[in-house]
Amino acid sequence: MSNHALAERHRLAQLLTAAGPDAPTLCAGWTTRDLAAHLVIRERRPDAAPGIRVGALAGWTKRVQDDYASRPYEELVRLFRAGPPVYSLFALPGADEAANTVEYFVHAEDIARAGDDWTARPVPPGRAEALWRRLPLLARLEAGRRSPVRLTLSRPDGQSITVGPAGAPTVHLTGEPAELVLFTYGRGAHTTLTVDGPPDAVEALRHALPLPVK
């Protein structure tokens, strides 16, 4: 059985190691040190993890993350590479694969695409399919609720999903599943997607979500 989350964890740890603690990422305001601290507290500090999503708890999460970020960088990478401790929800059977395949893929690309000379890497077919299976729900929860237009997200073989407000003009985005996932998470400016639709609708979308600049 494939374990895409584990493969992406190893890749992300390698990228963190190679980049060092002060490299830029696509996470606004975060260096690789900040990203490493985020990854560690997400699975090792259940008291702080909710603030990643819940604004009212964000202050406590930031304090805990800043404390972890002050630790030696090599320690943070080692803790992340080691995987979740037994008390973590992510240690439950199947939880790591379900919750972290997309998380680790996106954060790996946050490092890999942070420079001006990035290129999209080939994604193994099985992993591309895993990303595609997760895309409908992610697109509705992320891009779909922020977009002022209807979005049709299509892969090159013609499979597509549609999200966003019914009755609004439609913008079509086409690319590999990995690129579509990155778009839904607000990394659209660093993707190889093609964008097509009425100019006014495309411009309205551009004001709400980043679109490719290459």
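Guide: Helices (H or I, at least four residues) and strands (E, at least two) are taken here as DSSP runs and numbered from the N terminus. The model discussed is a predicted one.

Visitor: Between which two helices is the loop that holds Pro85?
Guide: Pro85 lies outside the helices, in a loop. Helix α4 covers residues 73-82, and helix α5 covers residues 95-112. The loop that holds Pro85 is the one between α4 and α5.

Visitor: Is Pro85 buried or exposed?
Guide: A residue counts as buried under 20% relative accessible area. Pro85 touches Glu43, Arg44 and Ala91, with residues up to four places away in sequence left out. Its relative accessibility is 13%, so Pro85 counts as buried.

Visitor: What distance separates the C-alpha atoms of Pro85 and Arg44?
Guide: Along the chain, Pro85 and Arg44 are 41 residues apart. Arg44 is nevertheless among the residues that Pro85 touches. The separation of their C-alpha atoms is 6.7 Å.

Visitor: What does UniProt list for residues 7-83?
Guide: Over residues 7-83 the chain is 62% helix and 0% strand, and the C-alpha atoms at the two ends are 12 Å apart. An unreviewed UniProt entry lists these residues as "domain: Mycothiol-dependent maleylpyruvate isomerase metal-binding".

Visitor: Are α1 and α4 roughly parallel or antiparallel to each other?
Guide: The axes of α1 and α4 are 9 Å apart, and the helices pack at an angle of about 170 degrees. Residues of α1 including Arg9, Leu12 and Leu16 meet Tyr73, Val77, Phe80 and Arg81 in α4. Angles over 145 degrees count as roughly antiparallel. The relation of α1 to α4 is therefore roughly antiparallel.

Visitor: Which residues is Thr17 in contact with, leaving aside its neighbours within four places in sequence?
Guide: Thr17 is found in helix α1 and is partly exposed, at 49% relative accessibility. Its C-alpha is 9.5 Å from that of Arg78, which lies 61 residues away along the chain. Beyond its sequence neighbours, Thr17 is in contact with Tyr73, Val77 and Arg81.

Visitor: At what angle do the axes of α1 and α6 cross?
Guide: Helix α1 spans residues 4-19 and helix α6 spans residues 125-141, and their axes come within 11 Å. The crossing angle is roughly 110 degrees, which makes the two helices roughly perpendicular. His4, Ala7 and Glu8 in α1 meet Gly126, Arg127 and Ala130 in α6. The angle asked for is thus roughly 110 degrees.

Visitor: At which residue does α5 bend?
Guide: Helix α5 has 18 residues and reaches 25 Å from first to last C-alpha, close to the 26 Å expected. Of these residues, 15 are buried, so the helix is largely enclosed by the rest of the structure. The bend in α5 is about 40 degrees, and its place is Thr101.

Visitor: Which residues of α6 make the contact with α5?
Guide: The axes of α5 and α6 are 11 Å apart, and the helices pack at about 90 degrees. That angle makes α5 roughly perpendicular to α6. From α5 the contact is made by Glu97, Ala98, Thr101, Val102 and Phe105, and from α6 by Leu131, Arg134 and Leu138.

Visitor: How many of the 8 residues of helix α8 are buried?
Guide: Helix α8 covers residues 177-184 and is largely enclosed by the rest of the structure. Its buried residues, among them Leu180 and Phe183, pack against α5, α6, α7, β1 and β3. Just after this helix, Gly186 takes a positive phi of about 80 degrees. The number of buried residues in α8 is 8 of the 8.

Visitor: How far is Pro148 from Val202 in space, C-alpha to C-alpha?
Guide: Pro148 is in the loop between α7 and β1, and at 39% relative accessibility it counts as partly exposed. Leaving aside neighbours within four places in sequence, its contacts are Pro165, Ala168, Ala204, Leu205 and Ala208. Val202 is 54 residues from Pro148 in sequence, while the C-alpha distance in space is 9.9 Å.

Visitor: What is the relative accessible area of Ile52?
Guide: Ile52 is found in the loop between α2 and α3. It touches His38, Arg42 and Thr61, not counting residues up to four places away in sequence. Ile52 counts as partly exposed because its relative accessible area is 34%.

Technical notes: Residues are numbered from 1 along each chain as its sequence is written. This is a predicted model: local features need pLDDT of at least 70, side-chain atom pairs count only at pLDDT 80 or more; totals for chains, interfaces and linings use all residues. Side-chain values use heavy atoms; hydrogens and water are left out. Buried means under 20% relative accessible area, exposed over 50%, partly exposed in between (1.4 Å probe, protein chains only). Contact means heavy atoms within 4.5 Å. The expected span of a helix is 1.5 Å times one less than its number of residues. The bend at a residue is the angle between axes fitted to the seven residues ending there and the seven starting there. UniProt positions are given in the numbering used here, feature names are shortened, and annotations may be inferred rather than shown by experiment. Axes are lines fitted to C-alpha atoms, for helices over the stretch in contact, and angles run from 0 to 180 degrees between N-to-C directions. Angles under 35 degrees count as roughly parallel, over 145 as roughly antiparallel, 65 to 115 as roughly perpendicular and the rest as oblique.
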